[in-house]
Amino acid sequence: MTHHMRDEITQTVKKIKSMEIRGAANIGRYAAAALKAYTINCDARSRDEFVRGLEEAGETLIDARPTAVSLPNAVKFVLRRVRDSDLSLEGLKELAVRSADAFIENSRQAVRTIGEIGAKRISDGDTIMTHCNSSVALSVIKTAFSQGKDIRVIASEARPRYQGRITVKQLAEAGVPVTLIVDSAVRSFMKDVDKVVVGADSIAANGAVINKIGTSQIALAAHEARVLFFVAAETYKFHPDTLVGELVEIEERDKKEVADPGEFSGVDIRNPAFDITPPEYVDLIITEKGVIPPQAAIMIIKEEFGWI
Ligand code: RUB
């Protein structure tokens, strides 16, 4: 194995890079599933060989996309348990499989719990703005709607990849009244909005939220209009490295997603995929452990990742 990366890892990396697998929660779960598949098919003959291979597979997965910390956190969740154990090879492999399954199940449960907790913050008659396509933000919105609250949603399209179109289709399918707007219409519509609910790819120790490009503009417009700004994110979206001053890397994707460079010779085209919303613009972060102000992000990181 050590000379070529196994299929289950390269396939998952390819899908994460191409965004066939996208959204931070999904990326984390698929990474855990890839480590599980790797383990099941692994023919290592010793503990050391297995652990080395799993570490290498984890590194390869982590390199697929840089911004969503759910990816390294999922990998570390599995690897830490394996490294800390003194089981024999077979027992170690079972532990890796169980750990991957546990990450996936915890993640699904966290998204449901956030839906329940977040729905309490949504009132009958609310108009909610969301951006991009966050399964966790949608869990909050759909849970509130399924409780019979009369709500409507305004969703921005999220150029250049238009994940907002996925959001409006999912909401329409669930029966939620929804309006699709272009990203630049966000401020014009803010007067109609009661609450903004978005997801996160990473949350820093100071409570800054890293999410799809355009999120910080929406936060600015919400702040100006005194509209509440909520972030729905599981605790594995909190970024442990930011505790020691590391910055979250913002992915810059292919310029071809924005425009055909061949048609724009002499033009610099830029395509950052995420931006940073400062904590001053965030009212609450809804996690599966409860609702926190952004200033308490550091406590979540210490509690969840104190071992790093
Ligand atoms: C997706 C995005 C989402 C977060 C949260 O970006 O920014 O808002 O990942 O999603 P991309 P979720 O489409 O580039 O992956 O709540 O589903 O984890």
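These legends describe a predicted model in a series of views.

Residues are numbered from 1 along each chain as its sequence is written, and side-chain values use heavy atoms, with hydrogens and water left out. Local features need pLDDT of at least 70 and side-chain atom pairs count only at pLDDT 80 or more, while totals for chains, interfaces and linings use all residues.

**View 1. The whole chain holds 10 helices and 10 strands.** Helices (H or I, at least four residues) and strands (E, at least two) are DSSP runs, numbered from the N terminus. The C-alpha atoms fill a box of roughly 65 × 50 × 40 Å along the principal axes. The radius of gyration is 20 Å, which agrees with the value near 19 Å for a compact globule of 308 residues. That radius is taken over C-alpha atoms, and the globule rule is 2.2 Å times the number of residues to the power 0.38. Of the 308 residues, 54% are buried. Buried means under 20% relative accessible area, exposed over 50%, and partly exposed in between (1.4 Å probe, protein chains only). Take the contacts between residues at least 6 apart in sequence: 77% of these join residues at least 24 apart. Contact means heavy atoms within 4.5 Å.

**View 2. An open sheet of 3 strands runs in the order β5-β6-β8.** The pairing is antiparallel. Strands β5 (202-203) and β8 are the edges, as each pairs on one side only. Two strands pair if DSSP finds at least two bridges between them. Strand β5 is joined to β6 (residues 209-212) by 2 bridges. Look for I203, which stands opposite V209 in β6.

**View 3. Strand β9 (residues 284-287) is covered on both faces.** In a regular strand the side chains alternate between the two faces of the sheet. Here L284 and I286 are buried on one side, and I285 and T287 are buried on the other. Strand β9 runs parallel to β7, with 3 bridges joining them. F230 has L284 as its bridge partner in β9. With β10 (residues 290-292), β9 pairs in the antiparallel sense, again over 3 bridges. T287 stands opposite G290 in β10. Strands β9 and β10 make a hairpin, with 2 residues between them.

**View 4. H239 sits in the loop between β7 (228-232) and β8 (274-277).** H239 is buried, with a relative accessible area of 12%. Neighbours within four places in sequence are left aside here; beyond them, H239 is in contact with V69, S202, I203, V248 and I301. One of these, I203, also appears in View 2, opposite V209.

**View 5. G199 lies in the loop between β4 (195-198) and β5.** G199 is buried, at a relative accessible area of 1%. Leaving aside neighbours within four places in sequence, its contacts are S134, A137, V209, N211, V231 and A232. G199 and G23 are 176 residues apart in sequence, and their C-alpha atoms are 9.1 Å apart in space.

**View 6. T39 belongs to helix α2 (residues 24-41).** T39 is buried, with a relative accessible area of 1%. Leaving aside neighbours within four places in sequence, T39 is in contact with F50, L54, K93, A96 and V97.
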